[in-house]
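Visitor: I would like a close look at a single part of this model. Please take one strand, describe its surroundings, and then follow the sheet outward from there.

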Amino acid sequence: MRLKQMTVIIVLVLVSICFIFADDLNYSFPFRFAHSVNINADFHFEFWDTSNRKITSVVITSPGQNRLGSLVLVFNSKVVFSSIKVKFEALTSALNSQNSYDCYPYSMYLYEPDTTTIIGEGPVITSLLLSNEERVSVGELEIIDGVREFRKQSSLIEWDQRRIADFSIELDDSEVMPGSYSGYVILEFTAGS
Amino acid sequence: MKNRFLLLVLFTCCLFCLFSESWNPQITAYKRNIASGTVPAPVCNLFRILDVTSSDMAANEVEWIPANYRNVNYDAFSWVLGGNVFGPVVVSFEFGPMYIDTLSQDDFIPYDVILSHTGSRIGNTTITSCIGSQTATTSYVTTNDFSTYSYYYMDSISFTGGRDSVSVINSPQSITITYDMSDKTVVKDGNTEINNYPYNVCNYWNRYGSGTIKLKIATDGSRLEGHPYLSNGSTKFSSGNYYADVVVSITSTI
């Protein structure tokens, strides 16, 4: 048997791999380092709660004595004082937000840190003592008397702190109506050197 | 007729030989796996700078060095460089002087910088990094689908001039790193090399590094011995905030 004449068609499959040639890749990212230098002696006072956090207000939920935190001296270099005085001023009574005629009587105390030794106390604050613009001073207490030097515990820290006194507010709930009360207290520090 | 038949058979066999590769079922399966999709365009711009807490820094962000890290090493930052450029990639770090932030710039804090390469990866697989003139054996990546096949890569790392650290005083200083990852994919079945493809199987790598800073200032704010004093002869740095500009540049030509 004769083979038929065949036409063989050869299909060549060309597999090409395309390399994508990109332009030059350029990328830039800026940032900064910074460092603060303060060689000037500086200090201030803060109020810290019992967890050593700086606070500007407290919420009291229990009557009686509430030890709220500490008065703290914060400083960045050696400081020398001849005295530190604290003046308490009750700006308002603790008044009921629903009925401004009701007040929650309270008094303030200062203790030596971590002790029950009272170094200062004030009168009981009631609405009878205050009018709208009146401020009642509960006394100026001299916390330190005589020259006292405060040095940083380590040169590796920039700011150090010292507890000067513990602060307490005592609430008298003997004749108090239920409600939410709020009041303002000002503590003014005077440091002599 | 017989001769024609034989010629036809011979010709057909030649065709089979020419395209024999495509008839190997194993290689066909392999090729199918890697040939799917389009080879992505090379990129090398996924770059992350991380601060001391390993959080991403934004461009122009400021990282403050704490006061208690004076004249001691501070692990200030790290980076992650990602891409699929299989060839030379140059990363340059330029560290500017640390000047007090005033117009007069009349005071500066010298500082030292050390950069370190900490690793290279393809996907989650660590690959060998060959730093400088060292030679190293290649490491490999094994796919999940073809466990007997492996792909070999080696990442070459070099610091320009062998310099991985600089001291910055009152002029910018640079450290340049060149990465060069091999661009061959060697496929082996066990220990038998099957083929050497001129393109890449895995198309993404990451490189990691870190930077350490040492501020040349005493803990109490004094100048260290050897610092060039100002004309007023003060032994302490002026109070204020000091800033140093850093620019990281990445270039690659493929």
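Guide: The part chosen is strand β6 of chain A, residues 106–111; six of its six residues are buried, so the strand is largely enclosed by the rest of the structure. The model is a predicted one. Burial here means a relative accessible area under 20%. In β6(A) both faces are covered. On one side the buried residues are A:Y106, A:M108 and A:L110; on the other they are A:S107, A:Y109 and A:Y111.

Next, the pairing. β6(A) is joined to β9(A) by six bridges in the antiparallel sense, and in that pair A:Y111 stands opposite A:D166 of β9(A). With β7(A), β6(A) also pairs in the antiparallel sense, over three bridges. There A:L110 stands opposite A:G120 of β7(A). β6(A) and β7(A) form a hairpin with six residues between the strands, and in this hairpin A:D114 takes a positive phi near 60 degrees.

These pairs belong to an open sheet of five strands in chain A, ordered β2-β3-β9-β6-β7, with antiparallel pairing. Its edge strands are β2 and β7 (118–121) of chain A, each of which pairs on one side only. From one strand to the next, the twist averages 30 degrees.

At the β2 edge, β2(A) pairs with β3(A) in the antiparallel sense over seven bridges. A:D49 lies in strand β2 of chain A, and its bridge partner in β3(A) is A:G69. A:D49 is buried because its relative accessible area is 12%, where the cut-off is under 20%. Apart from neighbours within four places in sequence, A:D49 is in contact with A:I55, A:L68 and A:G69.

Some of the sheet strands also contribute to a pocket. The second largest pocket has a volume of about 730 Å³. Of the 26 residues that line this pocket, A:S57, A:V58, A:I169, A:G183 and A:V185 are the closest to its centre. The elements of chain A that give two or more residues to the lining are β2 (43–49), β3 (64–75), β9 (160–171), β10 (181–182) and β11 (185–192). By residue class, the lining of the second largest pocket divides into 19 nonpolar, six polar and one charged.

Key:
Residues numbered from 1 in each chain as written. Chains lettered and ligands numbered in written order. Predicted model: local features only at pLDDT ≥ 70, side-chain atom pairs only at ≥ 80, totals over all residues. Heavy atoms only, no water. 1 Å grid on protein atoms, 1.4 Å probe; cavity = no way out; pocket = protein on both sides within 12 Å on 5 of 7 lines; lining within 4 Å. Points joined across faces, edges and corners; volume = space filled by probe spheres on them. Helix = DSSP H or I, 4+ residues; strand = E, 2+ residues; numbered from the N terminus. Nonpolar A, V, L, I, M, F, W, Y, C, P; charged D, E, K, R; others polar. Buried < 20%, exposed > 50% of the residue type's maximum accessible area, 1.4 Å probe, protein only. Contact = heavy atoms within 4.5 Å. Pairing = 2+ DSSP bridges. Axes fitted to C-alpha atoms, helices over the stretch in contact; angles between N-to-C directions.
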